Amino acid sequence: PTGVSFLVPAPRLSSHTAFFSQTSMGHENIWNSHPKKSCKGARQCRVCSNRHGLIRKYGIDCCRRCFREKAVEMGWHKYR
């Protein structure tokens, strides 16, 4: 019949082939695959997502560069 499309079933793959085609063990899948909860890799700046120079005191969780930019907005001021 004209104008009617037919669906063709996909070829069947063995379970072994289907497993390895879905989960390739490349670098992207292995890197940072372990969940981080309380180490340095789990913490980052809430403004710029930097992991270096974090100020964690009082729950600030901001890197020192972003803290200097946002300190006045957050209510901090220098005495000297």
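Q: Helices are DSSP runs of H or I with at least four residues, and they are numbered from the N terminus; in which helix of this predicted model does M74 lie?
A: The elements run α-α-β-β-α from the N terminus on, with 3 helices and 2 strands in the protein. Helix α3 covers residues 64-74, and M74 lies in helix α3.

Q: What percentage of the 80 residues in the protein is buried?
A: A residue counts as buried when its relative accessible area is under 20%, and F67, with 17%, is therefore buried. Taken over the 80 residues of the protein, the buried residues make up 9%.

Q: How is the ring pair of Y58 and W76 classed, as tilted or not tilted?
A: A pair of aromatic rings is described by the distance of the centres and the angle of the planes. Planes under 30 degrees apart count as stacked and those over 60 as edge-to-face, with the rest counting as tilted. The ring centres of Y58 and W76 lie 5.9 Å apart and their planes stand at 40°, so the pair is tilted.

Q: How many residues apart are Y58 and W76?
A: The pair links distant parts of the chain, since Y58 sits in the loop between β1 (54-55) and β2 (62-63), while W76 sits in the segment after α3. Y58 counts as exposed at 63% relative accessibility, whereas W76 counts as partly exposed at 37%. Along the chain the separation of Y58 and W76 is 18 residues.

Q: Which residues do the ring pairs link into a cluster?
A: A search of the whole structure finds 2 aromatic pairs, one of them being the tilted pair of Y58 and W76. F67 and W76 form an edge-to-face pair, with 5.9 Å from centre to centre and 70° between the planes. The cluster that the ring pairs link thus consists of Y58, F67 and W76.

Q: What accessible area do Y58, M74 and W76 have together in their nonpolar surface patch?
A: Patches take residues with over 30% relative accessible area. M74, at 41%, counts as partly exposed, as does W76 at 37%, while Y58 at 63% counts as exposed. Together, Y58, M74 and W76 have an accessible area of about 360 Å².

Q: Which residue forms a salt bridge with D61?
A: The count comes to 1 salt bridge, and the closest N and O atoms of this pair are 3.8 Å apart, where the cut-off is 4 Å. The pair links distant parts of the chain, 15 residues apart, with D61 in the loop between β1 and β2 and its partner in the loop between α2 (27-30) and β1. D61 is partly exposed, with a relative accessible area of 30%, and its partner, exposed at 60%, is R46.

Q: Near what value is phi of D61, a residue other than glycine?
A: S49, found in the loop between α2 and β1, has a positive phi near 65° and is a residue other than glycine. D61, in the loop between β1 and β2, has a positive phi as well, and its value is near 50°.

Q: Which residues form the positive surface patch?
A: One member is R65, found in helix α3, and its relative accessible area of 39% makes it partly exposed. That value satisfies the condition of over 30% relative accessible area for patch residues. The full positive patch is formed by R64, R65, R68 and K78.

How values were computed. Residues are numbered from 1 along each chain as its sequence is written. This is a predicted model: local features need pLDDT of at least 70, side-chain atom pairs count only at pLDDT 80 or more; totals for chains, interfaces and linings use all residues. Side-chain values use heavy atoms; hydrogens and water are left out. Patches are made of residues with over 30% relative accessible area and no salt bridge: like charges are joined within 9 Å, nonpolar side chains (Val, Leu, Ile, Met, Phe, Trp, Tyr) within 5 Å. Accessible areas come from the Shrake-Rupley method with a 1.4 Å probe; for residues, only the protein chains shown count as cover. A salt bridge is a side-chain nitrogen of Lys or Arg within 4 Å of a carboxyl oxygen of Asp or Glu. Lys and Arg count as positive and Asp and Glu as negative; His and the chain ends are not counted. The place of a charge is taken as NZ of Lys, CZ of Arg, CG of Asp or CD of Glu. Buried means under 20% relative accessible area, exposed over 50%, partly exposed in between (1.4 Å probe, protein chains only). Rings of Phe, Tyr and Trp (its six-membered ring) pair if their centres lie within 6.5 Å; planes under 30 degrees apart count as stacked, over 60 as edge-to-face and the rest as tilted.
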